[in-house]
Amino acid sequence: MRTLLGIVCCGAFASWLMSAPLSAEEWVSGKVWEEPPVVTPGQNGGPPSDAVVLFDGKDLSQWENGESWIVENGYAISQGGGITSKQKFGDCQVHLEFATPEKVEGSGQGRGNSGLYMMGRYEIQILDSYENPTYFDGQCGAIYKQHPPLVNASRKPGEWQTYDVIFTAPRFDESGQLVKPAYVTVIHNGVVVQNHFEIEGATAWDRAPEYAPHGEKEPIHLQFHGNPVRFRNIWVREMRELGCRQGEAKASH
Ligand code: MG
């Protein structure tokens with residue numbers, strides 16, 4: 001039976017090959033794309049040339065309430081409330097580095113808790129999740145109370161960790177109705193932990209996720225949750241789709 005199937009399949013493939021023209025003309029889409037801008041990549045996680053640097057280790061002047069946090073030795077330590085970026089962002093790529101306290105105190109949600117809030121309302125959890133059990137959709141890399149990280153890629157307490165986030169903002173129509181939800185991809189220490197996850201609404205501890213209309217661009221927020229979490233090297237790249245128009249078909253070369 002298997003042999004018979006093999007013969008039939010091989011036959012089908014051979015006849016497809018035979019029917020393909022020998023010298024096909026190149027297919028062109030007819031789309032005339034805007035030229036992709038040139039961007040100089042950063043070195044070792046550093047900001048690319050088109051990034052907005054929100055914290056380069058020197059000061060938190062790009063943040064509301066930044067004066068509350070301690071800045072020393074090229075990093076910032078959370079205390080006295082969260083900080084909110086002065087600049088607003090829509091679709092964007094975010095890079096940040098964080099380290100939960102080396103001295104382990106507390107457990108579960110009380111250990112190294114912070115959070116990266118996209119548009120000030122969609123939390124990507126920051127937590128010490130190295131051998132620290134808690135509810136899965138509240139551990140490090142979770143979209144808080146919506147989706148656990150696909151894997152736990154946490155480093156040990158005190159070690160520097162990276163988040164690289166690709167975020168697509170939700171769209172609302174003029175009446176405030178949700179037209180398209182937000183999506184997020186999160187790479188934690190080089191490991192994909194959220195893969196184009198469809199965000200269900202604003203994240204909260206005490207209520208179900210729900211969308212409420214907001215601006216096309218909103219600030220980024222870093223949470224203070226009672227634990228001195230350190231941050232460094234925070235930058236954002238705004239993303240926009242390339243312009244494109246329908247033109248005459250033109251070969252690529
Ligand atoms: Mg948190």
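Along the sequence, the residues that donate to the magnesium ion follow the spacing N-S-x8-E-x1-Q-x97-Q. Here a donor is an N, O or S atom within 2.8 Å of the metal (3.2 Å for Na, K and Ca), and since water is not among the atoms, sites may look incomplete. This is a predicted model, in which local features need pLDDT of at least 70 and side-chain atom pairs count only at pLDDT 80 or more, while totals for chains, interfaces and linings use all residues. Residues are numbered from 1 along each chain as its sequence is written, and side-chain values use heavy atoms, with hydrogens and water left out.

The donors themselves are Asn113 (OD1), Ser114 (O), Glu123 (OE), Gln125 (OE1) and Gln223 (OE1), sitting 2.2 to 2.3 Å from the magnesium ion. Within this set, Asn113 and Glu123 are 10 residues apart: Asn113 belongs to the loop between strand S7 (92-99) and strand S8 (114-118), and Glu123 to strand S9 (residues 122-126). Strands (E, at least two residues) and helices (H or I, at least four) are DSSP runs, numbered from the N terminus. Asn113 has a relative accessibility of 2% and so counts as buried; Glu123 is buried too, at 4%. Buried stands for under 20% relative accessible area, exposed for over 50%, and partly exposed for anything in between (1.4 Å probe, protein chains only).

S9 is mostly covered, with 5 of its 5 residues buried. Glu123 and Gln125 point one way from the strand, and Tyr122, Ile124 and Ile126 point the other way. In a regular strand, side chains alternate between the two faces of the sheet. S8 runs antiparallel to S9 and is joined to it by 5 bridges; two strands are taken to pair if DSSP finds at least two bridges between them. Ser114 stands opposite Ile126 of S9. S8 and S9 make a hairpin with 3 residues between them, and Met119 in the turn has a positive phi of about 55 degrees.

That hairpin is part of an open, antiparallel sheet of 5 strands, ordered S3-S6-S15-S8-S9. Strand S3 (63-64) and S9 each have a single partner strand, so one side of each is left without a neighbour in the sheet. On the other pairing of S8, strand S15 (residues 218-222) is matched to S8 in the antiparallel sense over 2 bridges. Tyr117 has His221 of S15 as its bridge partner.

As for packing, the largest nonpolar core has 41 residues, and Leu116, Val165 and Phe167 have the most contacts inside it. Such a core is a set of buried Ala, Val, Leu, Ile, Met, Phe, Trp, Tyr and Cys residues joined through side-chain atoms within 4.5 Å. S7 gives the most to the 41-residue core, with 4 residues. Val165, leaving aside neighbours within four places in sequence, is in contact (heavy atoms within 4.5 Å) with a list of residues including Cys92, Leu116, Met118, Ile124 and Val184. Cys92 is buried at 0% relative accessible area, and Cys140 is buried at 1%. With a disulfide defined as a pair of cysteine sulfur atoms within 2.5 Å, the count comes to 0.

A few loop and backbone details are worth a look. Gly108, in the loop between S7 and S8, counts as buried at 11% relative accessibility. Gly108 is in contact with Leu127, Asn132, Pro133 and Thr134, neighbours within four places in sequence aside. The C-alpha atoms of Gly108 and Leu127 are 8.6 Å apart, against a separation of 19 residues in sequence. Glu131 has phi near 55 degrees, a positive value in a residue other than glycine. Glu131 sits in the loop between S9 and strand S10 (161-168) and is exposed, at 68% relative accessible area. His196 also has a positive phi, of about 50 degrees; His196 lies in strand S14 (residues 191-198) and is partly exposed at 47%.

Overall, the protein chain has 1 helix and 17 strands, and buried residues make up 41% of its 253 residues. Of the contacts between residues at least 6 apart in sequence, 64% join residues at least 24 apart. The chain exposes about 14600 Å², of which carbon and sulfur atoms supply 54%; accessible areas come from the Shrake-Rupley method with a 1.4 Å probe, and for residues only the protein chains shown count as cover.
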